[in-house]
Amino acid sequence: MADEGDILTDLNANPAAGANGADNQPAAGIISQYIKDMSVENPNAPACYQWTDQPQVDIQFNIGATQVNDEVHEVELKITATAKCEKGNLYLIDLSYCGLAGLRNLPDEHAHAFLYAEAPRVIFPFARRVLADATRDAGFPPLMLDPMDFGALYQQQLQARAQQGQDAGTTPPAGEA
């Protein structure tokens with residue numbers, strides 16, 4: 001016989017869930033991920049393969065989230081990688097890598113943190129691999145991005161916005177009302 005309170009046999013482990021078995025517990029996760037848009041430009045091939053100077057690589061990130069329906073959001077990592085030498089551009093790669101995030105019963109502040117910190121953390125390794133493969137397939141060494149702390153970046157953005165809000169409150173408005 002099953003022991004009283006055994007998690008494997010106790011089918012009513014959480015009486016707060018409701019008598020009808022309603023799913024009212026907070027839940028968040030990645031449903032799927034995909035390349036939404038990608039562009040790889042190698043404008044100076046084949047001459048650029050003979051260049052010997054060290055390239056200057058510039059990486060730009062942007063994170064966005066769009067609500068698809070009540071419980072699903074699309075989280076988009078936009079990554080632009082550019083490599084330039086004195087003689088010209090080596091490559092330009094624009095990648096929009098997305099994940100569908102399912103959110104249910106989350107307070108707004110937790111949902112925002114999940115969409116802009118946790119979901120990018122989960123999908124970033126896959127976007128990183130796509131970017132490395134794209135540079136390798138363009139004939140260059142793979143561009144291996146270091147892991148990123150999206151949680152710390154999220155906190156920095158919140159602090160910067162809070163500071164901007166405080167600064168805006170202490171500065172008198174300009175113009176005529």
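**Close-up 1. Phe140, a buried ring, and its partner Tyr49.** In this predicted model, Phe140 has a relative accessible area of 11%, so the residue counts as buried. Tyr49, at 38%, is partly exposed. This is one of four aromatic pairs that turn up in the structure. The rings of Tyr49 and Phe140 sit 5.4 Å apart, centre to centre, and their planes make an angle of 35°, which puts the pair in the tilted class. The two residues come from distant parts of the chain, 91 residues apart. Tyr49 belongs to the loop between β1 (27-41) and β2 (56-67), while Phe140 belongs to the loop between α1 (108-137) and α2 (150-170). Pull in Tyr91 as well and you have the full group: Tyr49, Tyr91 and Phe140 make up one aromatic cluster.

**Close-up 2. Phe61 and Phe124, a strand-to-helix pair.** Here's another tilted pair, this time with 6.0 Å between the ring centres and 50° between the planes. Phe61 sits in strand β2 and Phe124 in helix α1, so the contact ties together parts of the chain that are 63 residues apart in sequence. How buried or exposed are the two rings? Phe124 is buried, with just 4% relative accessible area, whereas Phe61 comes in at 30% and is partly exposed.

**Close-up 3. Helix α1 and its bend at Pro120.** Now step back to take in the helix that carries Phe124. α1 runs for 30 residues, and the distance from its first C-alpha to its last is 41 Å. That's close to the 44 Å you'd expect at 1.5 Å a residue. The helix isn't straight, though: there's a bend of about 40° at Pro120. Just after α1 comes Gly139, with a positive phi of about 100°.

**Close-up 4. Arg121 and Glu118, a salt bridge within α1.** Side chains of opposite charge can pair when their charged atoms come close. For Arg121 and Glu118, the closest N and O atoms are 2.5 Å apart, and the two form a salt bridge. Both residues lie in helix α1, three residues apart, or about one turn. An α-helix has 3.6 residues a turn, so residues three or four places apart point the same way. Both partners are partly exposed: Arg121 has 45% relative accessibility and Glu118 has 30%.

**Close-up 5. Asp133 and Arg129, one turn apart.** In all, the structure has six salt bridges, and this view shows the one where Asp133 meets Arg129 at 3.1 Å, N to O. The two are four residues apart in helix α1, so about one helical turn separates them. Asp133 is partly exposed at 24% relative accessible area, and Arg129 is also partly exposed, at 45%.

**Close-up 6. Asp137, Arg136 and the wider network.** What is the N to O distance between the side chains of Asp137 and Arg136? The distance is 3.1 Å, and the two form a salt bridge. Asp137 is exposed, with 60% relative accessible area, while Arg136, at 43%, counts as partly exposed. Follow the shared partners and the picture grows: salt bridges join Arg129, Asp133, Arg136 and Asp137 into one network. Within that network, Asp133 and Arg129 are the pair from the previous view.

Definitions and conventions: Residues are numbered from 1 along each chain as its sequence is written. This is a predicted model: local features need pLDDT of at least 70, side-chain atom pairs count only at pLDDT 80 or more; totals for chains, interfaces and linings use all residues. Side-chain values use heavy atoms; hydrogens and water are left out. Rings of Phe, Tyr and Trp (its six-membered ring) pair if their centres lie within 6.5 Å; planes under 30 degrees apart count as stacked, over 60 as edge-to-face and the rest as tilted. Buried means under 20% relative accessible area, exposed over 50%, partly exposed in between (1.4 Å probe, protein chains only). A salt bridge is a side-chain nitrogen of Lys or Arg within 4 Å of a carboxyl oxygen of Asp or Glu. The expected span of a helix is 1.5 Å times one less than its number of residues. The bend at a residue is the angle between axes fitted to the seven residues ending there and the seven starting there.
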